[in-house]
Amino acid sequence: MAEPTLSPPDATRDPRRSRAGRTGRIAATVVYLLVVAYMCFVGFYAVIKGVYFPAEAEVAELEGPLDHEACVDQALALRTEALERAAHHVRTAGEGSLDAFFDDWDKRFKTLSRRCEKPLPADLERLRYGLETMLARFEREEGRRARRVLSELGAEPH
């Protein structure tokens, strides 16, 4: 078996060509990495926007910014709607699902928060999640009991 030998470097090779080839490979690698990084950034941005802010951003851009008074009025309307819907849900002994209401409320809140120059009160969103949690607990614990009372009395919810 023959042993491998190390051959001396090729004396006929031009060192300038070798350097130019190395520079070309480095440049191509940098361009490739920049293209990959750009594609990753654009892809992640599109996914995040599509998942978390699908239509709210477009609606906010189409409708344009609101002045402070209009933002306050609409935020108060959202607050009132959430509280009235919660009261109605308790009064009717938890009849019907609240998922559609809260989905619509969330979309309107996100659109409004994008349209207002000043941030909306954080407690408005906390109120919404607190109401949802409270109503889910009501449904689990007291909703059945309230419906049984209505059923046993032969009454309908108001």
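1. Start at the loop between α4 and α5: cysteine 116 lies there. This is a predicted model. Cysteine 116 has 9% relative accessibility, so this loop residue counts as buried. Alanine 70 is 46 residues away from cysteine 116 in sequence. In space, the two C-alpha atoms are 8.6 Å apart.

2. The overall make-up is quickly told. The protein has five helices and zero strands. Along the sequence the pattern reads α-α-α-α-α. Of the 158 residues, 20% are buried. Consider the contacts in the protein with a separation of 6 or more: 72% of them join residues 24 or more positions apart.

3. Now the core. The largest nonpolar core holds 18 residues. Trp105, Phe109, Leu112 and Leu120 have the most contacts inside it. Three elements give two or more residues to this core: α3 (68-91), α4 and α5 (122-153). The largest share comes from α3, with six residues. As a general point, nonpolar side chains in soluble globular proteins tend to be buried together.

4. Leucine 120 deserves a look of its own. It is among the residues with the most contacts inside the largest nonpolar core. Setting aside neighbours within four places in sequence, leucine 120 is in contact with Cys71, Ala75, Phe109, Leu112 and Ser113. Two of the partners, Phe109 and Leu112, are also on the list of residues with the most contacts in that core.

5. Next, the aromatic rings. How many aromatic pairs does the structure hold? There are two. In one, the rings of phenylalanine 101 and phenylalanine 102 have centres 5.3 Å apart. Their planes stand at 65 degrees, and angles over 60 count as edge-to-face, so this pair is edge-to-face. Phenylalanine 101 and phenylalanine 102 are both buried.

6. Tryptophan 105 and phenylalanine 109 form a stacked aromatic pair. Their ring centres are 5.4 Å apart, with 5 degrees between the planes. Both residues lie in helix α4 (residues 99-115). They are four residues apart, about one turn of the helix. Tryptophan 105 has 1% relative accessibility, so it counts as buried. Phenylalanine 109 is at 8%, so it counts as buried too. Both residues are also among those with the most contacts inside the largest nonpolar core.

7. How do α4 and α5 pack? Their axes are 12 Å apart, at an angle of about 175 degrees. Angles over 145 degrees count as roughly antiparallel, so α4 and α5 are roughly antiparallel to each other. On the α4 side, the contact is made by Phe102, Trp105, Asp106 and Phe109. On the α5 side, Leu124, Glu125, Arg128, Tyr129, Glu132 and Leu135 make it. Members of both aromatic pairs thus appear here: Phe102 from one, Trp105 and Phe109 from the other.

8. Aspartate 106 is worth checking by eye. It lies in helix α4. With 14% relative accessibility, against a cut-off of under 20%, aspartate 106 counts as buried. Leaving aside neighbours within four places in sequence, aspartate 106 is in contact with Arg128 and Tyr129. Those two residues have a link of their own. The charged end of arginine 128 sits over the ring of tyrosine 129, 4.2 Å from the ring centre.

9. Then α3 against α5. The axes come within 10 Å and cross at roughly 5 degrees. Angles under 35 degrees count as roughly parallel, so α3 and α5 are roughly parallel to each other. From α3, the contact uses Ala75, Arg79, Ala82, Leu83, Ala86, His89 and Val90. From α5, it uses Leu124, Leu127, Leu131, Leu135, Phe138 and Glu139. Leu124 and Leu135 of α5 also take part in the contact with α4.

10. Leucine 131 is a good place to inspect this α3–α5 contact. Leucine 131 lies in helix α5. Its relative accessibility is 8%, so leucine 131 counts as buried. Which residues is leucine 131 in contact with, leaving aside neighbours within four places in sequence? They are Ala82, Leu83 and Ala86. Each of these three is listed on the α3 side of the contact. Leucine 131 and alanine 82 are 49 residues apart in sequence. C-alpha to C-alpha, they are 7.8 Å apart in space.

Note on methods: Residues numbered from 1 in each chain as written. Predicted model: local features only at pLDDT ≥ 70, side-chain atom pairs only at ≥ 80, totals over all residues. Heavy atoms only, no water. Phe/Tyr/Trp six-rings, centres within 6.5 Å; stacked < 30°, edge-to-face > 60°. Buried < 20%, exposed > 50% of the residue type's maximum accessible area, 1.4 Å probe, protein only. Lys NZ or Arg CZ within 6 Å of the ring centre and 35° of its normal. Contact = heavy atoms within 4.5 Å. Core = buried A, V, L, I, M, F, W, Y, C linked by side-chain atoms within 4.5 Å. Axes fitted to C-alpha atoms, helices over the stretch in contact; angles between N-to-C directions. Parallel < 35°, antiparallel > 145°, perpendicular 65-115°, else oblique.
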